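Q: I am new to this structure and would like a close look at a single part of it. Could you take me through the loop between strand S4 and helix H5 and its surroundings, and then place that part within the rest of the protein?

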Amino acid sequence: MNFQTSAMAAGNSGLTRPPLKVPVTHQHIFTILQTLIAEGRVPRSDRPLRILDIGCGDGRLINSLQSLFTRHMPELQVEICGFDIGEHGFKDSSQLSGTLELLTENHPGIDWSNRVRLISDGDPWGYEAGSFDLAVSNQVIEHVEDLQHFLVNLRETLAPGGQSVHVFPLSQCMQEAHCLVPFSHWIKDYNYRVAWIALLSRLGIGRYRVDRKLLGHDTVARHAEETAKFIECWTTYRSFGEIARMAGNLSMATSYHFTKNLLPTKLRQMMGRKPARKYRRWTPFGIEWLSYLFVRSMTSATLVISPLRYDIGERIAKEKAYRAHREQHEAMREAAE
Ligand SMILES: C[S@@+](CC[C@H](N)C(=O)[O-])C[C@H]1O[C@@H](n2cnc3c(N)ncnc32)[C@H](O)[C@@H]1O
């Protein structure tokens with residue numbers, strides 16, 4: 001069965017059973033992958049479909065995707081791999097073993113130690129060129145300091161025609177995604193940022209109550225200082241334009257098309273409804289753009305980034321041949337006159 005027909009079968013296989021309980025961003029990413037597969041936008045080959053989770057953290061997205069593919073596209077052979085940056089998500093080796101344990105417990109029979117790895121920030125990702133058909137990342141890009149390095153590796157790692165899906169907050173998002181204090185990442189002056197977080201924390205807005213227990217932030221002042229430091233040191237928010245420009249310079253296309261689908265998917269989940277089997281691709285341009293503007297201000301955006309191939313030699317050869325043909329034609333006409 002090819003990718004498209006198995007995407008169609010996807011709907012039927014899940015009809016009678018209740019939907020798997022996975023976080024909404026995981027479901028959203030899976031529905032996008034289903035959509036891309038059903039539309040024939042994913043490279044086809046005899047080998048299993050290879051998917052890379054970039055910045056896989058504790059492996060929960062890999063876990064969800066493996067379950068969702070098994071449930072909804074059982075005919076499709078998939079091989080899901082992931083890596084993370086040692087310095088960020090994994091402070092000690094026990095976190096990697098935790099990831100392996102989670103995956104092995106839920107999906108026995110797969111050698112996850114061959115599939116999940118740690119590298120150092122700034123190192124090449126280390127996969128063979130073109131070895132993945134799809135790549136995904138969830139809440140990662142806003143933590144990536146060197147986006148150029150990230151994109152160069154992404155382009156190298158994806159097979160020709162490969163696609164990547166990234167869910168993360170853009171700089172326009174009003175809510176700072178980690179401390180949940182609105183606008184705190186927009187304030188560039190450090191002292192004002194601390195003061196703003198302290199003010200809103202006193203008003204009960206943000207994560208102070210949670211972080212008091214979780215991280216031992218015993219006073220509002222300490223919470224504000226630590227949170228401001230986190231934003232300064234561990235986040236780099238960018239706009240769609242910045243990312244698209246950088247990707248464009250590396251001959252990669254960037255689209256925010258699926259951004260609009262995250263909130264409806266969340267709504268369906270809250271109402272206990274089955275997730276969509278496939279997202280609709282072209283809504284009228286204006287509506288699509290307006291919904292993108294709305295969603296990116298409220299929550300994470302979704303970008304699809306894909307390497308492009310354009311044969312400039314072929315274009316030049318065609319142009320030359322056309323000009324030569326015209327010149328020949330004109331010369332013949334002049335000779336005839
Ligand atoms: C908020 S966590 C998200 C983890 C996971 N994707 C999830 O959804 O649970 C952000 C992750 O991005 C990783 N990260 C940061 N910079 C990265 C980079 N340049 N390349 C790959 N991963 C990176 C961090 O190590 C961290 O695990």
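A: What follows begins with the whole protein, turns to the loop and its surroundings, and then moves outward to other contacts.

The model is a predicted one, and its 337 residues include 45% that count as buried. The protein has twelve helices and seven strands, and its C-alpha trace spans about 95 × 50 × 40 Å along the principal axes.

The loop you ask about runs between strand S4, residues 132–138, and helix H5, residues 147–157, and Asp-146 is found in it. Gln-139 has its place in the loop between S4 and H5 as well. What stands out about Gln-139 is its backbone, since this residue has a positive phi of about 55° although it is not a glycine. Most residues other than glycine have a negative phi. Gln-139 is partly exposed, with a relative accessible area of 27%.

Asp-146, for its part, is partly exposed with a relative accessible area of 44%. A patch takes in residues with over 30% relative accessible area that have no salt bridge, and Asp-146 belongs to a negative surface patch together with Glu-87, Asp-121, Asp-123 and Glu-145.

From the loop one can go on into helix H5, where the aromatic residues come into view. The structure holds ten aromatic pairs. One of them joins Phe-30 and Phe-69, whose rings meet edge-to-face, 5.0 Å centre to centre and with 90° between the planes. Phe-30 lies in helix H2, residues 24–38, and Phe-69 in helix H3, residues 60–72, so this pair ties together parts that are 39 residues apart in sequence. Both partners are buried: Phe-30 has a relative accessible area of 0%, and Phe-69 has one of 1%.

The pair that concerns helix H5 itself is formed by Trp-125 and Phe-150, whose ring centres are 5.4 Å apart and whose planes stand at 80°, so that this pair too is edge-to-face. Trp-125 lies in the loop between strand S3, residues 116–119, and S4, while Phe-150 lies in helix H5, so the pair ties together parts that are 25 residues apart in sequence. Trp-125 counts as buried at 4% relative accessibility, and Phe-150 is likewise buried, with a relative accessible area of 5%. These two residues also belong to a wider group, for Phe-83, Trp-125, Tyr-127, Phe-132 and Phe-150 form one aromatic cluster.

Beyond helix H5, another backbone feature invites comparison with Gln-139. Phe-183 is not a glycine either, yet it has a positive phi of about 70°. The place of Phe-183 is in the loop between strand S5, residues 158–168, and helix H6, residues 190–202. Phe-183 is partly exposed, with a relative accessible area of 30%.

Charged side chains give a further view of how parts of the protein meet. Side chains of opposite charge can pair when their charged atoms come close. The structure holds twelve salt bridges, and a few of them can be described one by one.

Among them is the salt bridge between Arg-41 and Glu-39, in which the closest N and O atoms are 2.9 Å apart. Arg-41 counts as partly exposed at 36% relative accessibility, and Glu-39 counts as partly exposed at 26%.

Another salt bridge brings together the side chains of Glu-79 and Arg-50, at 3.3 Å from N to O. Glu-79 lies in strand S2, residues 78–85, and Arg-50 in strand S1, residues 49–54, so this pair ties together parts that are 29 residues apart in sequence. The two partners fall into separate classes of accessibility, Glu-79 being partly exposed at 22%, whereas Arg-50 is buried, with a relative accessible area of 17%; the cut-off for buried is under 20%.

A further salt bridge joins the side chains of Lys-229 and Glu-226, at 3.1 Å from N to O. Lys-229 and Glu-226 are three residues apart in helix H8, residues 220–234, so they are separated by about one helical turn. Both count as partly exposed, Lys-229 at 35% relative accessibility and Glu-226 at 28%. Elsewhere, salt bridges that share partners join Arg-315, Glu-319 and Arg-323 into one network.

To return to the part you asked about, the loop between S4 and H5 holds Gln-139, with its positive phi of about 55°, and also Asp-146, which is one of the residues of the negative surface patch.

Note on methods
Residues are numbered from 1 along each chain as its sequence is written. Side-chain values use heavy atoms; hydrogens and water are left out. Patches are made of residues with over 30% relative accessible area and no salt bridge: like charges are joined within 9 Å, nonpolar side chains (Val, Leu, Ile, Met, Phe, Trp, Tyr) within 5 Å. Accessible areas come from the Shrake-Rupley method with a 1.4 Å probe; for residues, only the protein chains shown count as cover. A salt bridge is a side-chain nitrogen of Lys or Arg within 4 Å of a carboxyl oxygen of Asp or Glu. Lys and Arg count as positive and Asp and Glu as negative; His and the chain ends are not counted. The place of a charge is taken as NZ of Lys, CZ of Arg, CG of Asp or CD of Glu. Helices (H or I, at least four residues) and strands (E, at least two) are DSSP runs, numbered from the N terminus. Buried means under 20% relative accessible area, exposed over 50%, partly exposed in between (1.4 Å probe, protein chains only). Rings of Phe, Tyr and Trp (its six-membered ring) pair if their centres lie within 6.5 Å; planes under 30 degrees apart count as stacked, over 60 as edge-to-face and the rest as tilted.
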